[in-house]
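Hi there,

Here is the structure I promised to pass on. Have a look at it first, and then read on for what turned up in it.

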Amino acid sequence: MEAMELKLCDIQGRLFELFADSRYDAESLVKTFMTSNLAKDLDSEYNRMQWAGEEYLFEELIAVCKEKLVLKTEDISKEALFWMGYIYRYWHFYTGEESAKIYRQAPFGTMNTNYLMFHTLDAEVAIDDLKEIYRQKKKR
């Protein structure tokens, strides 16, 4: 993994951390972001949004997608949110998959449920395990 790719993973992790202090529900923010054009821009080989900081990305997400968001009903830890954001972006670089496809395989509930077990694993091991969970669910 290149240094710039790791930096983008960190930025997306910090973006997701901002969701904890938002008035909006973290699950709706994560889903909206992962299926948005903003995430698609970050998936690009090069896009100016990749140079934006997490605060700018957060403001852009709210401005563009506010109608899709739900007001907060419960809190989730910043650590769990950072991990989700970081892993989702790492996943993109690891597999080349787009954010929306990644989210279909590991939606918020899956990530939140598995955070305690997976957050100490190497990112690639966690992603492989998340992909296996998805494959197992698909077989049912």
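**Surface patch and salt bridges**

M1, L6 and Y94 together make a nonpolar surface patch of about 240 Å². Please keep in mind that this is a predicted model. Of those residues, L6 sits in helix α1, which covers residues 3–19. L6 counts as partly exposed because its relative accessibility is 32%, and a residue needs over 30% relative accessible area to be part of a patch.

Now to the charged side chains. Side chains of opposite charge can pair when their charged atoms come close. How many salt bridges does the structure hold? There are eight, and I'll walk you through some of them.

One of them joins the side chains of E54 and R14, with an N to O distance of 2.8 Å. This pair links distant parts of the chain: E54 belongs to helix α4 (residues 54–65) and R14 to helix α1, 40 residues apart. Is E54 buried or exposed? With a relative accessibility of 11%, E54 counts as buried, because the cut-off for buried is under 20%. Its partner R14 has 24% relative accessibility and so counts as partly exposed.

Another salt bridge brings together the side chains of D21 and K78, at 2.9 Å from N to O. D21 is in the loop between α1 and α2 (26–34), while K78 is in helix α5 (residues 78–95), so this pair ties together parts that are 57 residues apart in sequence. D21 counts as exposed because its relative accessibility is 57%, and the cut-off for exposed is over 50%. K78 has a relative accessible area of 35%, so K78 is partly exposed.

K72 and D75 also meet through their side chains in a salt bridge, here at 3.6 Å from N to O. On the K72 side, the relative accessible area is 28%, which means that K72 is partly exposed. D75, at 64% relative accessibility, counts as exposed.

Finally, which residues are joined into one network by salt bridges that share partners? They are D10, R14 and E54. If you want a place to start in the viewer, you could pick that network, and then go on to the pair of D21 and K78, whose side chains meet in a salt bridge. After that, the patch made by M1, L6 and Y94 would be a good stop.

Happy to talk it through whenever suits you.

Best wishes

How values were computed: Residues numbered from 1 in each chain as written. Predicted model: local features only at pLDDT ≥ 70, side-chain atom pairs only at ≥ 80, totals over all residues. Heavy atoms only, no water. Patch = residues over 30% accessible without salt bridge, like charges linked within 9 Å, V, L, I, M, F, W, Y side chains within 5 Å. Areas by Shrake-Rupley, 256 points an atom, 1.4 Å probe, with all protein chains shown as cover. Salt bridge = Lys/Arg side-chain N within 4 Å of Asp/Glu carboxyl O. Helix = DSSP H or I, 4+ residues; strand = E, 2+ residues; numbered from the N terminus. Buried < 20%, exposed > 50% of the residue type's maximum accessible area, 1.4 Å probe, protein only.
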